[in-house]
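Let's take a friendly walk through this structure together. Have a look at the picture first, and then we will start from the inside and work our way outwards.

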Amino acid sequence: MREVMVQYLQHRLLRWFDENQRVFPWREARATKYQQIVSEILLQRTKAETVARYYDTFFSKYPDWEALCGATLEELEEVMRPLGLYRHRARRLYKLTEDLRRRGGQLPGDANELRDSGFVGLYVTNAFELFILRNRKPLLDVNMSRLLKRYFEPGDFIDVRFDKEVQELANDIIEVRRCKELNWAILDYAALVCRKRNPLCGECVLNKYCKYYAQSRERSDQSGRGEHEAG
DNA sequence: AAGCCGGGGCT
DNA sequence: AGCCCAGGCTT
């Protein structure tokens, strides 16, 4: 049954993605490796739509690695202030430029090298592998975590970083040819349909097998009226 | 495992 | 006025 659910989710979300995907500049073919990596740092704990609005402000000021390497820490803080988390992000980007200078302008060759340079965590490392090295890796964030948790095993939410179950699910689910697209599909679907608040379970293309949907149906049946809480 | 960072958009 | 957001680091 687990395998049926996995294949159903992969198939349904890829099909949904082809019709309903969100359009972002960092996803387009003309986005450089530099833009792809830096964008992941801009996206941390920040709405994708917010980053999309801010995108040109940042990349017109720092169009490539060379421009970024010329920036001071104070400059970076100032530029990223409207985005929030600006001190952390500025420090991270600054460490990134230091790391680049050390290796003579070359990007890390593998994920271990990236982690060792000490300015990113698991999420950005996976993004680096997925987009730059073209390995099959999950963009496992709160959104993917919520979607997988609801679909496969609704229950208490644990921090993604300590939830081995969700990590294994995420690694299983992205084993498809269109791995990058499926990752984006999950993020988009979690943002638009499988939302944290008020998920649109009624029109969800996964609700045939979704455990969370089944549970909420039972609850609303027992309550007598058609009301159902989201949560 | 919990606290903290953070401005801005959405409800 | 409160909640939330493509995480990661410190305690």
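Leaving aside its neighbours within four places in sequence, which residues is Phe-58 in contact with? Keep in mind as you look that this is a predicted model. Once those sequence neighbours are set aside, the contacts of Phe-58 are Tyr-34, Val-38, Leu-42, Leu-68, Val-79, Met-80 and Leu-93.

Now step back a little to see where Phe-58 belongs. Together with Leu-147, Phe-58 has the most contacts inside the largest nonpolar core, a group of 74 residues. This core lies between two domains, because domain 1 (2-21 + 138-217) and domain 2 (31-133) both give residues to it.

A database record adds a label to part of the chain. In an unreviewed entry, UniProt places the feature "domain: HhH-GPD" at residues 42-192. That span is 66% helix and 0% strand, and its end C-alpha atoms lie 20 Å apart.

Next, turn to DNA strand C. There are 27 residues around this strand, and those that come nearest are Trp-26, Leu-43, Arg-45, Asp-141 and Arg-161. Helix 8 (122-133) and helix 9 (142-152) each supply at least two residues of the surface near the strand.

Which parts of the DNA are involved? Of the atoms of DNA strand C within 4 Å of the protein, 54% belong to sugar or phosphate, while the rest belong to bases. Let's zoom in on some single contacts. Backbone atoms of Tyr-123 and Val-124 each lie 3.0 Å from a phosphate oxygen of DNA strand C. Gln-44 uses its side chain: one of its polar atoms there lies 3.4 Å from a sugar or linking oxygen of the strand.

Terms used:
Residues are numbered from 1 along each chain as its sequence is written. Chains are lettered from A and ligands numbered from 1 in the order in which they are written. This is a predicted model: local features need pLDDT of at least 70, side-chain atom pairs count only at pLDDT 80 or more; totals for chains, interfaces and linings use all residues. Side-chain values use heavy atoms; hydrogens and water are left out. A nonpolar core is a set of buried Ala, Val, Leu, Ile, Met, Phe, Trp, Tyr and Cys residues joined through side-chain atoms within 4.5 Å. Buried means under 20% relative accessible area, exposed over 50%, partly exposed in between (1.4 Å probe, protein chains only). Domain bounds come from an automatic or database domain assignment. Contact means heavy atoms within 4.5 Å. UniProt positions are given in the numbering used here, feature names are shortened, and annotations may be inferred rather than shown by experiment. Helices (H or I, at least four residues) and strands (E, at least two) are DSSP runs, numbered from the N terminus. A residue is near a molecule or strand if one of its heavy atoms lies within 4 Å of it. A polar contact is a pair of N or O atoms within 3.5 Å; within protein, one must be able to donate a hydrogen and the other to accept it, and residues adjacent in sequence count only if both atoms are side-chain atoms.
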